[in-house]
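Hi,

Here's the structure I said I'd pass along. Have a look at it first, and my notes on what turned up are underneath.

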Amino acid sequence: MTNEEIKKILIDGNYVTESDIAIAEKNMTRDDTLVGYLITMGTITEGILGQATAEFYHVPYSDMASNPAVRDRVLKIPEDVARAFRIVLVSADKNGFVFATDDPVKKDLDQVLKKLSGGQKYSIMYASPKDIDAAFLFYQKPLETRFSKIIKENTRVAPEIIDEIIGDAVTLHASDIHFEPMGEEVIIRFRVDGVMHEAGRIQKTYYDNILNRIKVQSKLRIDEHFAAQDGSVRYKRGDKMTDLRISVVPTVEGEKIVIRILGEYVRGFTLSDLGLSQRDEKLLHDAAEKPFGMILTTGPTGAGKTTTLYALLRLLNSPKVNVMTIEDPVEYHIAGVNQIQVNMATNLTFAKGLRSIVRQDPDIVLVGEIRDAETADIAVNAALTGHLMLSTFHANDAATAIPRLLNMGVEPFLLSSTLELIVAQRLVRRLCLHCRYSVEYTQADLLKKFKNADRYFTEKTETLYAGKGCDACNHTGFDGRTAIYEFIAITPEIQNLILNNPASTQVWEAARRGGARALFEDGID
């Protein structure tokens, strides 16, 4: 579907205004699509786009993201027919057959559906291309079976194998792909919802070609085998583009590759998507509305710190302000934001980049990470001189961030004057809503399982939930992740504490008096 058709569908259905489209076309970059930009800016959602497109075709909308396809029904349609006509069987009962497709006007579709329904009554619904592709995953043979077929039938083994691996990882919403040389094999593992799963194995004989192809595509040296290398590539498969971050390190068994998949859906995250409580969301809003000061997110690698700050940037970004970032790497391109990539080869470090940014008349600055004393000092001074400063910082919890910054040499009176909010966070898996079931626990069992939770579990028995595992969640019992948070708003009491170089326990006790909740408490709630 062309941009002009999409514009007409959205405007005619009153989902967007002509002004929304004009702003999008003015601000989107050459890497953006119109739909992608509108979703990123929160003008529309995937669901709204699906509903609008269904109305355009005069058929109902099938939200397969909320009601995923079932394996048995998908496999009732021969694979070649399903792929040729982009169809999935949604339901079949005494009332007839219901099919979903992303192309309801495809030539000869009616004849095919009449044949599949055996002359019984049938109806058509519209589903998004992404949801149709996800349903087609049920036709996929295991990776190793496909590897064997590729090796047997093709001379260009490496490109085909890489295509299959990345295709599966993207469809399964994996965040990382690991290629791990072990003996005579290379194990391929996906990290899905924070947990590693083995996806397949391949003989080491074919790994050198795979390794070299990935290195070439990500502009790494193919003659370097004993040093760590990092790169990135925009990977195209069909009409889909996926941004990948590549890391290659030497191990005793050979070079290991890890590919970070930068999920497109993260571009459209807003604060309301992050799992914040109403209280915490208001704290973040209030801190972000101030013209200057510092907001820090803390937590381990992979806790979603940058995603939280990107969601905040989308809230703050407008033509009226100059927003600049210095990142390593720039993970997601945001229209209207000036983003700088750290480059050690040219000595463009966080500190040097930040020093240059403050001369660029910024209103809002995002520093990817405060790693050293120089960056911390410049960031604090920038926050003091009229800039809103956002950054991530490695600390186990929110309270520990203050002693750590002071130990890095930040002047207590500067930190006390600039720090507005500290956010600690972790990512936790969510139960699959399609296969979850209730489990009865006694109060005694729960208090053994969850220490210091007696105020939450006050009844003799409590109902909690677990996931059985189903087609919708790839039989894991979990589907996606959400964040749990710990917020410390800097009150006058904490400002005075900072001047006296406090321990983290003192900071937390003061935060508690101001209403702060621990990560555990937010998780239980």
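A cut-off before anything else: a residue is called buried when its relative accessible area is under 20%, exposed when that value is over 50%, and partly exposed in between. Keep in mind too that this is a predicted model.

With that cut-off, start at alanine 82, which sits in helix α6 (residues 79-85). Its relative accessible area is 0%, so alanine 82 is buried. Not counting residues up to four places away in sequence, alanine 82 touches Ile77, Ile87, Phe136 and Tyr139. There's also a long-range pairing to look at: alanine 82 and isoleucine 132 are 50 residues apart in sequence, and their C-alpha atoms are 9.7 Å apart in space.

Next, serine 117. You'll find serine 117 in the loop between α7 (109-116) and β3 (122-126). At a relative accessible area of 3%, serine 117 is buried as well. What does its side chain reach? The partner is the backbone oxygen of leucine 113, at 2.8 Å. If you leave aside neighbours within four places in sequence, serine 117 is in contact with Phe97, Phe99 and Tyr122.

Now the salt bridges. The count comes to 29, and I picked out three.

- Glutamate 25 pairs with lysine 7, with 2.8 Å between the closest N and O atoms. Glutamate 25 is in helix α2 (residues 18-27) and lysine 7 in helix α1 (residues 3-12), so this pair ties together parts that are 18 residues apart in sequence. Glutamate 25 is partly exposed at 41% relative accessibility, while lysine 7 is buried at 13%.
- Glutamate 46 pairs with lysine 130, and here the closest N and O atoms are 3.4 Å apart. This one links distant parts of the chain, 84 residues apart: glutamate 46 belongs to helix α4 (residues 46-57) and lysine 130 to helix α8 (residues 129-136). Both ends are partly exposed, glutamate 46 with a relative accessible area of 41% and lysine 130 with 44%.
- Glutamate 493 pairs with arginine 513, the closest N and O atoms being 2.5 Å apart. Since glutamate 493 lies in helix α19 (residues 492-498) and arginine 513 in helix α20 (residues 504-513), the pair ties together parts that are 20 residues apart in sequence. Glutamate 493 counts as partly exposed at 35%, whereas arginine 513 is exposed at 57%.

Going back to the lysine 7 pair for a moment: salt bridges that share partners join Glu4, Lys7 and Glu25 into one network.

Last, the empty space inside. How many cavities of 30 Å³ or more are there? The count comes to one. The largest cavity has a volume of about 40 Å³. Its lining is made up of Ile162, Ile166, Ile214, Gln217, Ser218, Val233, Tyr235, Leu244, Ile246 and Ile259. The elements giving two or more residues to that lining are α10 (157-171), α11 (207-217), β7 (229-237) and β8 (240-251). By type, the lining of the largest cavity divides into eight nonpolar residues, two polar and no charged.

That's what I have for now.

Cheers

Notes
Residues numbered from 1 in each chain as written. Predicted model: local features only at pLDDT ≥ 70, side-chain atom pairs only at ≥ 80, totals over all residues. Heavy atoms only, no water. Helix = DSSP H or I, 4+ residues; strand = E, 2+ residues; numbered from the N terminus. Buried < 20%, exposed > 50% of the residue type's maximum accessible area, 1.4 Å probe, protein only. Polar contact = N/O pair within 3.5 Å; in protein donor to acceptor, adjacent residues only side chain to side chain. Contact = heavy atoms within 4.5 Å. 1 Å grid on protein atoms, 1.4 Å probe; cavity = no way out; pocket = protein on both sides within 12 Å on 5 of 7 lines; lining within 4 Å. Points joined across faces, edges and corners; volume = space filled by probe spheres on them. Nonpolar A, V, L, I, M, F, W, Y, C, P; charged D, E, K, R; others polar. Salt bridge = Lys/Arg side-chain N within 4 Å of Asp/Glu carboxyl O.
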